[in-house]
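The following paragraphs lead through the fold shown below, beginning with a pair of strands and moving outward to the surrounding elements. Please keep the sequence and the structure in view while reading.

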Amino acid sequence: MASRSSDKDGDSVHTASEVPLTPRTNSPDRRCSSSDTSKSTYSLTRRISSLESRRPSSPLIDIKPIEFGVLSAKKEPIQPSVLRRTYTPDDYFRKFEPQLYSLDSDSDDVDFLTDEEILSKYQLGMLHFSTQYDLLHNHLTVRVIEARDLPPPISHDGSRQDMAHSNPYVKICLLPDQKNSKQTGVKRKTQKPVFEERYTFEIPFLEAQRRTLLLTVVDFDKFSRHCVIGKVSVPLCEVDLVKGGHWWKALIPSSQNEVELGELLLSLNYLPSAGRLNVDVIRAKQLLQTDVSQGSDPFVKIQLVHGLKLVKTKKTSFLRGTIDPFYNESFSFKVPQEELENASLVFTVFGHNMKSSNDFIGRIVIGQYSSGPSESNHWRRMLNTHRTAVEQWHSLRSRAECDRVSPASLEVT
């Protein structure tokens, strides 16, 4: 049994020794495979080293831990702060809009007051009127019926003789167009006038809905500027124009204390070869009324001033009982071309008066001593377009305003 076990052990030893003693160099194929493997391993190692050398280094990220709870004054906020522009005091005043803070009666607070509250606050009286749109003929009819509780007149210069009664009338227009306005007759010496007058405006229905009806009650004064008593404005988009209706509305103060003096349409033309300055007085509109009973009898006086010397005076005929006269009258003045730059034309509108001196309505000056930018522009356009008539509307100014800005106005009567 011992020999058998030894034999067995010997067999096992021999078998185990056969594996490690197997020579690796005996086979040429196995030697080549080992060489290729070492070469590929070395190549892969160099490639990895090259890639690692080219790889950019990763940035270091400093991540702060998120803390929950109320941040104390010493803790930094997690969210980035928003950069804000710093404003100087000048920036704030540049954005300031004075009209939003004005005390004008057109401010929004009036819109929230009832008519009784407005009447109690301003005590300017009330106006009764109506509107109706005619779809068949495409016109808007405005009926001015009456007014009541109008305040007594105010005269700052003492020229008003009757301080107990007003001479009221009403001007009607559709804002923003104030040029094509209408005007009722003047009711003498009363604080509760009855007008009962109708006026039509040719205007498409959709356009009428975008307009605002403005009714201005004015106190007529023959010896001074007419004074605005109060006004009523109604956006027509807020009323049923087709159905129509009538209202009593309380008057509110107007920022315009005095009415416009009217407008004058003129045409100028200069002929250099003949040395003639031609003037066409075409028409006027919405002139200041100078007569309580029949409106005005207006005419236009044209005076040529060379430097500060009155040279020539001409005038149109007067038209009875109107504030919208059509003249279509032409006048010609001899002005040599070398004297043209020193010439001025003074246009003065008067109301003809048979019993006393004519009533002054308004004035403008065109030429060397123009009374305003509009007048200067008209003169400049004429100089640049010889032999061509140049038309332009002009708003009349007061005598005092013209005398203040134009020396030529001081040389005429």
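Phe350 has Phe360 as its bridge partner in β15. The model in which this pairing occurs is a predicted one. Phe350 belongs to strand β14, which spans residues 343-351 and is joined to β15 by eight bridges, the two strands running antiparallel. Both strands are part of an open sheet of four strands, ordered β12-β11-β14-β15, with antiparallel pairing. The edges of the sheet are formed by β12 (309-315) and β15 (359-367), each of which pairs on one side only. On average, neighbouring strands of this sheet are turned by 20 degrees against each other, direction ignored.

On its other side, β14 pairs with β11 in the antiparallel sense over nine bridges. One of these pairings sets Pro298 against Gly351 in β14. β11 in turn is joined to β12 by six bridges, again antiparallel, and Ile302 stands opposite Lys314 in β12. The two strands β11 and β12 form a hairpin with two residues between them; in the turn, Gly307 has a positive phi of about 65 degrees. β11 is mostly covered, eight of its nine residues being buried.

A helix accompanies the sheet. Helix α6, residues 373-384, lies across β14 and β15 and runs at about 45 degrees to β15. In soluble globular proteins, nonpolar side chains tend to be buried together. The largest nonpolar core of this model has 34 residues, and Leu264, Leu345, Phe347 and Trp379 have the most contacts inside it. At least two residues of this core come from each of β9 (263-271), β10 (276-285), β11 (298-306), β13 (326-334), β14, β15 and α6. The core also draws at least three residues from each of domain 1 (110-154 + 163-250) and domain 2 (262-411). A second, separate core has 27 residues, among them Ile172, Phe201, Val232 and Leu251.

Two residues of the largest core show what surrounds such positions. Is Leu345, in strand β14, buried or exposed? Leu345 has a relative accessible area of 0% and therefore counts as buried. Leaving aside residues up to four places away in sequence, Leu345 touches several residues, including Leu268, Leu277, Val279, Ile302, Leu304, Phe333, Ile364, Ile366 and Trp379. Between Leu345 and Ser370 the separation is 25 residues in sequence and 8.5 Å in space, C-alpha to C-alpha. With neighbours within four places in sequence left aside, Leu264 is in contact with Val281, Val300, Phe347, Val349 and Trp393, among others; Arg283, Gln392 and His394 are also among its contacts.

A polar residue can be followed in a similar way. Gln183 is placed in strand β4 (residues 177-183). Because its relative accessible area is 12%, Gln183 counts as buried. The side chain of Gln183 makes a polar contact with that of Gln289, at 2.7 Å. Apart from residues up to four places away in sequence, the residues touched by Gln183 include Tyr169, Ile172, Tyr199, Gln286 and Ile323.

For the protein as a whole, the model contains eight helices and 16 strands. Of its 413 residues, 37% count as buried. Among contacts between residues at least 6 apart in sequence, 64% join residues at least 24 apart.

Definitions and conventions. Residues are numbered from 1 along each chain as its sequence is written. This is a predicted model: local features need pLDDT of at least 70, side-chain atom pairs count only at pLDDT 80 or more; totals for chains, interfaces and linings use all residues. Side-chain values use heavy atoms; hydrogens and water are left out. Two strands pair if DSSP finds at least two bridges between them. Axes are lines fitted to C-alpha atoms, for helices over the stretch in contact, and angles run from 0 to 180 degrees between N-to-C directions. Contact means heavy atoms within 4.5 Å. A nonpolar core is a set of buried Ala, Val, Leu, Ile, Met, Phe, Trp, Tyr and Cys residues joined through side-chain atoms within 4.5 Å. Buried means under 20% relative accessible area, exposed over 50%, partly exposed in between (1.4 Å probe, protein chains only). Domain bounds come from an automatic or database domain assignment. A polar contact is a pair of N or O atoms within 3.5 Å; within protein, one must be able to donate a hydrogen and the other to accept it, and residues adjacent in sequence count only if both atoms are side-chain atoms.
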